[in-house]
Amino acid sequence: MPDTVSLEIGGRTLVFETGELAKQANGSALVRYGDQNVVLAAVTASDKAREGIDFFPLTCDFEEKMYAAGKIPGGYIKREGRPSEHGVLSARQIDRPIRPLFPDGFRNDVQIITTVLSIDSELDADVLAVCAAGAALAVSDIPFEKTVAAVRVGRDEAKNYIVNPTLPQYETGGMDIVVAGTADAVMMVEGGGHEISEDDFLGAVAFAHDAIKQIVASIDELAKKTGKAKRSFPLLGHDPALKAWVEKTFKKDVAAAMRVTEKGERNGAFAKLTRAEAIARCGKKDDDVRTKLEDPNNKDFEKVIKAMEEEELRVMVVDDKIRPDGRKPDEIRPIWSKVHYVPRVHGSGVFTRGQTQVFSAATLGSISDEQRLDGIMAIPNKRYMHYYNFPPYSTGETKPMRAPGRREIGHGHLAERALVPVLPAVDEFPYTLRVISEVLESNGSSSMASVCGSTLALMDAGVPITKHVAGVAMGLVLSGKKHAILTDIQGLEDSLGEMDFKVAGTVDGITAIQMDIKVAGITIDIMREAMTEAKKSRLFIIDKLKETIAAPRTELSQFAPRMIVLTINPDKIKDVIGPGGKIINKIIADTGVKIDIENDGRVFIASPDGEGADKAKKMVEALTKDVEVGQTYMGTVTRLMNFGAFVAVLPGKEGLVHISQLAPQRVEKVEDVVKIGDEIMVKVVEIDSQGRINLSRKAVLGGGTESDDDYASRPSRGNGEFRPAGARSGGPPRRRRE
């Protein structure tokens with residue numbers, strides 16, 4: 001039997017188990033939540049430290065198995081392949097709060113694998129995976145400083161905070177925020193909302209942290225009951241003698257380089273602080289230091305230099321109130337932007353803030369272009385997609401071009417989330433939207449620059465977004481008990497600082513937020529200070545965007561498809577599609593349009609030009625329009641009988657013009673008046689109880705029927721064939737109409 005602990009969170013029972021599954025891993029834990037959700041986490045660490053590296057080799061994976069939702073993967077390949085976008089984002093949410101809590105200098109490979117074994121498709125398992133990983137680390141022998149857990153916060157219809165809401169509750173509450181932390185502090189925040197206020201956001205974080213404390217206490221109880229003793233692992237620190245020599249020798253050089261305001265020149269100054277330069281500065285009494293510097297496997301020199309850079313940044317920013325590029329703590333870099341930068345795309349914008357520059361391009365497509373998601377979650381198809389690309393030239397580097405990595409996927413998702421709340425409803429603007437942000441220059445805050453650039457591109461494309469959306473990245477530098485909040489951080493401040501806090505939104509509230517830290521947590525008070533400055537900066541940037549384009553263009557690009565939406569009776573969908581798609585394919589072939597039909601009867605017609613769309617619309621309306629008594633139609637003669645002519649008045653709608661109703665005068669033979677293929681104007685005089693349509697050409701020509709009232713009220717004969725007034729009783733038997 002496994003060892004277990006349980007508690008109530010968000011109206012469901014949360015259970016942690018260990019000791020029964022994955023026992024060869026250093027630690028494992030199974031999380032059960034509610035009736036259907038089960039996530040397994042297993043953590044392992046290598047026995048030896050990886051020497052010669054200056055980073056912690058942690059790998060986090062979130063495995064989505066389709067069996068967890070009782071599904072088989074769609075398409076030809078029935079085995080799960082590379083992680084979905086949701087899987088990548090969930091893995092990042094595990095990594096970000098956990099990574100800062102490992103001991104400094106720990107260089108053993110650590111792998112955390114979380115696997116979703118069972119899921120309620122309306123409840124996201126990403127936060128359960130963070131909790132499972134935290135529990136697995138807590139019961140393992142891997143050195144880990146504090147227990148981590150996470151929850152999602154939403155709101156109910158009354159705007160009260162709720163823990164771990166379902167997917168439908170995201171929409172009703174207008175909030176979806178994931179918070180991870182320890183018992184003492186918040187480690188990570190990720191999420192967004194429909195223009196939520198700073199106070200509402202901070203309230204959600206505080207509410208989440210209260211729940212996190214409860215979960216952490218339960219995990220700690222489990223670890224105390226069944227956890228392993230922590231093993232001794234080598235911590236690769238700095239050689240004290242070498243550290244003291246480097247600090248003494250390069251102190252002035254580091255200080256001078258940090259105060260160079262231009263990025264390229266500053267990087268050049270830092271690039272001169274090399275191992276070779278250090279060896280050249282060794283004196284006769286520094287033989288021991290020289291030996292260590294000449295060892296290629298000894299990376300202490302680089303580590304000490306980086307630590308000196310971090311310390312110098314703290315002194316400059318916190319004590320001297322000077323930033324590396326000369327700005328004040330709350331100052332934003334110079335901004336310029338343009339729209340319609342290239343002619344052929346449907347909408348484009350360039351946003352530049354200091355040495356960070358993003359080109360965004362918007363493309364409009366039909367509803368069928370939306371992204372169809374095949375995963376374990378009941379996530380609807382994506383009508384808006386945002387992709388972020390980060391080529392190596394943006395930082396002046398040369399690297400192989402690869403498929404988008406986790407960072408690119410994460411930044412694209414953040415920018416996408418920022419814009420979704422201001423997009424028009426599909427009924428108002430029936431297009432699929434795709435925005436690509438190309439980072440052309442990068443010196444910090446490129447994801448927030450892509451939010452700004454995408455706002456410009458969408459407005460340039462004529463997408464009627466409700467408001468401008470802008471984003472800014474805030475930073476934090478700690479020095480003892482003192483700290484400094486930095487606005488619009490650049491790359492150096494992101495790399496050497498303690499926080500990267502991205503906030504995006506409109507003039508009325510926050511739409512997307514992401515916070516990562518490199519210390520053991522921050523307080524709500526620091527977050528409040530950062531958000532106050534972020535709001536001021538956001539409003540300033542929005543004013544700059546409005547100077548570039550004040551509102552969405554009223555007309556679409558000449559290259560954008562034209563879209564028409566009409567609603568038909570769902571029972572008529574089959575009439576538009578036809579047997580085997582014959583009718584709809586003919587409409588497409590004749591007009592050159594794309595047609596998408598929803599089950600609720602909405603028909604979306606996309607065409608490169610308005611003429612084709614209008615023509616297709618008329619064809620669909622004709623197929624679905626009902627024949628009305630008293631209306632006049634131009635019809636085509638389809639069949640001739642001795643008692644009259646059958647005339648198609650609408651596609652699939654055929655009625656009978658009795659011989660007595662073909663002309664004002666008496667008609668002896670039907671062929672004397674009409675022939676097959678003739679187009680004649682007819683009036684609908686009756687639709688009988690069996691749905692059969694009776695027409696009159698005579699009424700249109702001015703002769704009227706023999707008695708319109710009598711004609712419309714005559715009963716059918718016993719054989720089901722209608723007999724108009726004045727029809728002779730003799731003659732051949734009449735055929736029953738189909």
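Select Asp488 to begin: this residue is buried, with a relative accessible area of 0%. Asp488 sits in the loop between β17 (482-487) and α12 (491-496). Its phi angle is near 55 degrees, a positive value in a residue other than glycine. The coordinates belong to a predicted model, and every stop below should be read accordingly.

For a second positive phi, select Ala22, where the angle is near 50 degrees, again in a residue other than glycine. Ala22 belongs to the loop between β2 (12-18) and β3 (27-33). Is Ala22 buried or partly exposed? Its relative accessibility is 36%, so Ala22 counts as partly exposed.

**The nonpolar cores**

In soluble globular proteins, nonpolar side chains tend to be buried together. Select Phe16, Ile98, Phe102, Ile112, Phe201, Ile215 and Phe501: within the largest nonpolar core, which has 139 residues, these touch the most other members. Then centre the view on Phe102. Apart from neighbours within four places in sequence, Phe102 is in contact with Phe56, Leu58, Val110, Leu137, Ile142, Pro143, Phe144 and Glu145. A second core, separate from this one, holds 28 residues, among them Trp245, Phe250, Cys282 and Ile489.

**Helix α16**

Next, select residues 610-624, which form helix α16. Its 15 residues, at 1.5 Å a residue, should span 21 Å, and the C-alpha atoms at its ends are 21 Å apart, so the expected and modelled values agree. Which residues of α16 are buried? They are Gly612, Ala613, Ala616, Val620, Ala622, Leu623 and Thr624. To see what covers these buried residues, display elements including β20 (562-567), α14 (573-577), α15 (582-591), β22 (602-607) and β24 (644-650).

**Salt bridges**

Side chains of opposite charge can pair when their charged atoms come close. How many salt bridges does a search of the whole structure find? The search finds 53; several are visited here.

Select Lys71 and Asp374, a salt bridge whose closest N and O atoms are 3.9 Å apart. Lys71 is in the loop between β5 (58-64) and α1 (85-98), and Asp374 is in the loop between β13 (356-365) and β14 (384-389), so the pair ties together parts that are 303 residues apart in sequence. Lys71 is partly exposed, at a relative accessible area of 36%. Asp374 is also partly exposed, at 44%.

Move to Asp184 and Lys146, where the closest N and O atoms of the salt bridge are 3.0 Å apart. This pair links distant parts of the chain, 38 residues apart: Asp184 is in the loop between β9 (175-181) and β10 (186-196), and Lys146 is in the loop between α2 (126-139) and β7 (149-155). Asp184 is exposed, with a relative accessible area of 56%, whereas Lys146, at 29% relative accessibility, counts as partly exposed.

For a pair between strands, select Arg639 and Glu654, whose side chains meet in a salt bridge at 2.9 Å, N to O. Arg639 is in strand β23 and Glu654 in strand β25 (residues 653-658), 15 residues apart, and the pair links distant parts of the chain. Arg639 is partly exposed, with a relative accessible area of 24%; Glu654 is likewise partly exposed, at 31%.

Finally for this section, select Arg96, Asp124, Asp126, Arg152, Asp176, Glu190, Arg417 and Asp516 together: these residues are linked in a network of salt bridges.

**Strand β23 and a surface patch**

Return to strand β23 and select Thr636, which lies in it. Thr636 is partly exposed, with a relative accessible area of 30%. Not counting residues up to four places away in sequence, Thr636 touches Phe646, Val647, Ala648, Gly677, Asp678 and Glu679. For a sense of scale, draw the distance from Thr636 to Lys502: their C-alpha atoms are separated by 66 Å, and the two residues are 134 residues apart along the chain.

Met634 also lies in β23, which covers residues 632-641. At 46% relative accessibility, Met634 counts as partly exposed. Which residues form a nonpolar patch on the surface with Met634? Add Met681 and Val700 to the selection: the patch they form with Met634 has about 230 Å² of accessible area together.

Technical notes. Residues are numbered from 1 along each chain as its sequence is written. This is a predicted model: local features need pLDDT of at least 70, side-chain atom pairs count only at pLDDT 80 or more; totals for chains, interfaces and linings use all residues. Side-chain values use heavy atoms; hydrogens and water are left out. Patches are made of residues with over 30% relative accessible area and no salt bridge: like charges are joined within 9 Å, nonpolar side chains (Val, Leu, Ile, Met, Phe, Trp, Tyr) within 5 Å. Accessible areas come from the Shrake-Rupley method with a 1.4 Å probe; for residues, only the protein chains shown count as cover. A salt bridge is a side-chain nitrogen of Lys or Arg within 4 Å of a carboxyl oxygen of Asp or Glu. Helices (H or I, at least four residues) and strands (E, at least two) are DSSP runs, numbered from the N terminus. Buried means under 20% relative accessible area, exposed over 50%, partly exposed in between (1.4 Å probe, protein chains only). A nonpolar core is a set of buried Ala, Val, Leu, Ile, Met, Phe, Trp, Tyr and Cys residues joined through side-chain atoms within 4.5 Å. Contact means heavy atoms within 4.5 Å. The expected span of a helix is 1.5 Å times one less than its number of residues.
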